[in-house]
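Hi everyone, thanks for making time for this. I'd like to walk you through one structure today, and we'll begin with a small piece of vocabulary before we look at the chain itself.

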Amino acid sequence: MLFHTTLQSIIQTAEPAAKLAAFRTFYAAYQAGEVSFETAFTPVCFDEPSFASVCEIVPPQHVPKRKSPVTDEGKILLLHAIAHIEYSAIDLALDHAYRFTEMPKAFYDDWLEVADDECRHFEMLHTLLEALGSRYGVLPVHAGLFEAGQKTLTLLERMAVVPRYFEANGLDATPQILEKLIPIKKDPMIARIVDALKVILDEEVEHVRKGDRWFDYACEAAGRDKSVYFEIVEQCCPGSYPRQKYLNVDARKAAGFSCSELNRMSTEKIC
């Protein structure tokens, strides 16, 4: 089994169950030492996200607005939105391993482990969607995370934007969702959603920390100071910092952000 060639096929697999099954077969072979790296490989730029044939893709402003999770409709809207993030994160973690060739083996170990986590997260959420009589693909989605991957084709840009910006934003967003859900946890489905989100939040800290490690590596390789992070994020997502929104300081520090970075992200000194 060839490493990059197989990953390309998995990334382009659209149907969720087929993608997860293909990845797990590949990952088991990788862990068993049965996967070979190509001596020369040129990654392609994908024209569209793998979920294009599964979901209707719309501009972000046209994605359905979330509603009260007290109703089944509100629960489905919430679960579908987060499941889409996790599905996109599977492809992005795989793309890190696919796109950047001739890296240390630890790089591939890290991102395949993240992809394995993201598969499990997606399954948890999809199981809850199915319990509500729904499934992934029934609602429109946007392709923001795919587009972020398309914009970041160097290791330095990718590690800055995907794990250290987008995934780190999830460390801020999830506690705010939990804050709204916990008061209505007597609803058995809400309790299951809360449990799933707590698992995801805990494990995403390590994902961001892996991104921080490889961002450091990329900075050293490029001869750049770590402060280049803000320049890269501004180019990709203008106006992102500073901001008044909540920052999960403890989780971000655990994931590798320094106090000086956190203070620069906020309109107030927070660390």
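When I say disulfide, I mean a pair of cysteine sulfur atoms within 2.5 Å. Please keep that cut-off in mind for the cysteines. And one thing to say early: this is a predicted model.

So let's start with the cysteines. How many disulfides does a search of the whole structure find? The search finds one. That disulfide joins C259 to C271, with a distance of 1.9 Å from S to S. C259 sits in helix α10, which covers residues 259–265, while C271 is in the segment after α10, so the bond ties together parts that are 12 residues apart in sequence. As for the surroundings, C259 is partly exposed, at 31% relative accessibility. C271 is partly exposed too, with a relative accessible area of 27%.

Now for two cysteines that do not make that list. Why is C45 without a partner? The closest cysteine sulfur to the sulfur of C45 belongs to C236 and is 15 Å away, which is too far for a bond. C45 itself is partly exposed, at 46% relative accessibility. Then there is C236, and here the closest cysteine sulfur is that of C237. Those two sulfurs are 3.6 Å apart, and because the cut-off is 2.5 Å, that is too far for a bond as well. Is C236 buried or exposed? C236 is buried, with a relative accessible area of 14%.

Let's step back and look at the whole chain. There are 10 helices and zero strands, so if you read the elements from the N terminus on, you get α-α-α-α-α-α-α-α-α-α. What about the overall shape? For 271 residues, a compact globule would have a radius of gyration near 18 Å, and the chain agrees with that, at 18 Å. The C-alpha trace spans about 55 × 45 × 35 Å along its principal axes.

On the inside, 52% of the 271 residues count as buried. If we take the contacts with a separation of 6 or more, 75% of them are between residues 24 or more positions apart. On the outside, the accessible surface comes to about 12,600 Å², and 53% of that belongs to carbon and sulfur atoms. For those of you who think about charge, I can offer 29 positive and 40 negative side chains, with the centres of the two sets 6 Å apart.

Next, let me show you two residues in the helices. The one to find in helix α3, residues 72–99, is K75. Is K75 buried or exposed? At 1% relative accessibility, this lysine counts as buried. Which residues does K75 touch, leaving out those up to four places away in sequence? They are P69, V70, L132, D187, M189, I190 and I193.

The other one is I200, in helix α7, residues 188–222. I200 is buried as well, at 4% relative accessibility. Apart from neighbours within four places in sequence, I200 is in contact with E86, H121, M124 and L125. If you want another landmark, G170 is 30 residues from I200 in sequence, and the two are 9.6 Å apart in space, C-alpha to C-alpha.

Finally, a few words about the backbone in the loops. Most residues other than glycine have a negative phi, and most peptide bonds are trans. With that as background, look at E102, in the loop between α3 and α4. E102 is not a glycine, and yet its phi is positive, at about 55°. At 73% relative accessibility, E102 counts as exposed.

The other spot is the peptide bond from Y241 to P242, which is cis, with omega near -5°. P242 is in the loop between α8, residues 228–236, and α9, residues 249–254. R243 lies in the loop between α8 and α9 too. Is R243 buried or exposed? At 14% relative accessibility, R243 counts as buried. Beyond residues up to four places away in sequence, R243 touches N169, D172, R252, M265, S266 and T267.

That's my tour, so thank you for listening, and I'm happy to scroll back to any part of it.

Methods:
Residues numbered from 1 in each chain as written. Predicted model: local features only at pLDDT ≥ 70, side-chain atom pairs only at ≥ 80, totals over all residues. Heavy atoms only, no water. Helix = DSSP H or I, 4+ residues; strand = E, 2+ residues; numbered from the N terminus. Rg over C-alpha atoms; globule rule 2.2 N^0.38 Å. Buried < 20%, exposed > 50% of the residue type's maximum accessible area, 1.4 Å probe, protein only. Contact = heavy atoms within 4.5 Å. Areas by Shrake-Rupley, 256 points an atom, 1.4 Å probe, with all protein chains shown as cover. Lys, Arg positive; Asp, Glu negative; His and termini not counted. Charge placed at Lys NZ, Arg CZ, Asp CG, Glu CD.
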